[in-house]
Structures are given as structure tokens and as C-alpha cells.
Amino acid sequence: MASLNEPGLIPFKKEMERTKIYVTIEETRFPNIRVRYHIQDSDFSLPPLTLQPIVENAIRHGVRIREEGIIEIVTRQREDGHEILVRDNGVGFDAQTLDSADESHIGLRNVRDRVERLCGGALTVDSRIGEGTSVQIILPPTGNNWKG
């Protein structure tokens with residue numbers, strides 16, 4: 001299993017492998033959940049436990065109660081680096097509360113902090129109550145993204 005104690009960055013393919021294992025378990029437990037993959041770029045590294053906690057949040061707090069909960073995981077290469085996008089049709093939340101002092105969004109904050117600190121990336125959240133949430137991560141081009 002992924003560990004925050006792993007030194008440095010890990011290949012995206014390894015993080016995706018771990019995420020798919022988690023998704024398979026959740027899709028078995030909750031037959032109303034579907035995860036769709038649109039992986040166009042996978043040749044980059046990122047901090048361990050970056051993608052899986054975002055997908056876990058989407059399932060647990062977003063789509064689990066929907067009649068048909070859909071999550072899309074998209075990756076693509078951009079001029080300024082690599083993009084990971086996780087979108088869901090879940091219940092959404094007030095994204096303005098992401099940095100509030102309570103514990104409700106600590107997972108997203110932790111991922112954002114690691115992405116910023118370890119590789120100079122950025123994480124943004126767009127969420128609409130009743131419609132769903134999109135989490136976008138932008139990572140610098142491979143070779144420029146290790147800040148260890």
C-alpha cells in the first residue's frame with residue numbers, strides 16, 4: 001500500500017495501480033458507482049497518496065448516495081506540465097470552506113500541501129452543491145518536479 005513515508009515522488013502508473021485497487025473494492029461494495037478512466041498522459045511522477053485520497057473523497061462524500069455516481073479520472077499533458085482531473089457528479093460542497101479550521105476537508109488540504117511542497121504543483125477545487133466536484137492538479141514537467 002502507498003505510504004507517506006516513501007521517499008520522494010513515485011511514478012503515476014504506481015499511484016494509478018493503487019487507486020484502481022481501491023476503486024475495484026468500492027465498486028463491488030457500491031454497485032451504483034462507476035469510475036471512468038481517460039488516461040492520456042502517464043509519464044510523470046507525483047507524491048505518494050495524491051490520486052487515491054481524492055478519488056476516495058469523491059466516493060465517500062460525493063457519489064456514494066447518488067442513484068448513479070460517476071467519477072472521471074483524466075490525465076493529459078499540457079504545455080506547462082501534467083494535468084490530473086478528478087470529476088464527479090456527487091453532492092458537491094462549498095469550496096470556500098476548503099481552508100476552514102475544521103477537519104472536514106483535511107484530506108484535500110493534505111494532498112494540496114504535498115503537491116505544492118514536494119513538486120511545485122498546484123491543486124484547485126471547483127465544487128457546486130447538488131452538481132458535483134472537480135479537483136485539478138497541475139504538476140510541472142517531469143524532470144523539474146522534485147523539490148526534495
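1. Start with V35: in this predicted model, V35 sits opposite I71, a residue of β4. That pair belongs to a longer run of contacts between β2 (residues 33-39) and β4 (residues 69-78), which line up in the parallel sense over 7 bridges.

2. β4 has another partner as well. Strand β5, covering residues 81-88, pairs with β4 in the antiparallel sense, this time over 8 bridges. If you want a spot to look at in the viewer, try V74, whose bridge partner in β5 is L85. The link from β4 to β5 is a hairpin, with 2 residues joining the strands. So β4 is the strand to follow here: β2 pairs with β4 in the parallel sense, and β5 pairs with β4 in the antiparallel sense.

3. Now the helices. α1 (residues 12-29) packs with α2 (residues 51-63) at an angle of about 25 degrees, and their axes are 9 Å apart. Angles under 35 degrees count as roughly parallel, so that is the label for α1 and α2. Their crossing is right-handed.

4. Who makes the contact? From α1 come F12, E15, M16, T19, Y22, V23 and E26. From α2 come L51, Q52, P53, V55, E56, I59 and R60. Sorted by character, the residues in this contact of α1 with α2 come out as 8 nonpolar, 2 polar and 4 charged.

Technical notes:
Residues numbered from 1 in each chain as written. Predicted model: local features only at pLDDT ≥ 70, side-chain atom pairs only at ≥ 80, totals over all residues. Heavy atoms only, no water. Pairing = 2+ DSSP bridges. Helix = DSSP H or I, 4+ residues; strand = E, 2+ residues; numbered from the N terminus. Axes fitted to C-alpha atoms, helices over the stretch in contact; angles between N-to-C directions. Parallel < 35°, antiparallel > 145°, perpendicular 65-115°, else oblique. Left-handed = near helix turned anticlockwise from the far one by under 90°. Contact = heavy atoms within 4.5 Å. Nonpolar A, V, L, I, M, F, W, Y, C, P; charged D, E, K, R; others polar.
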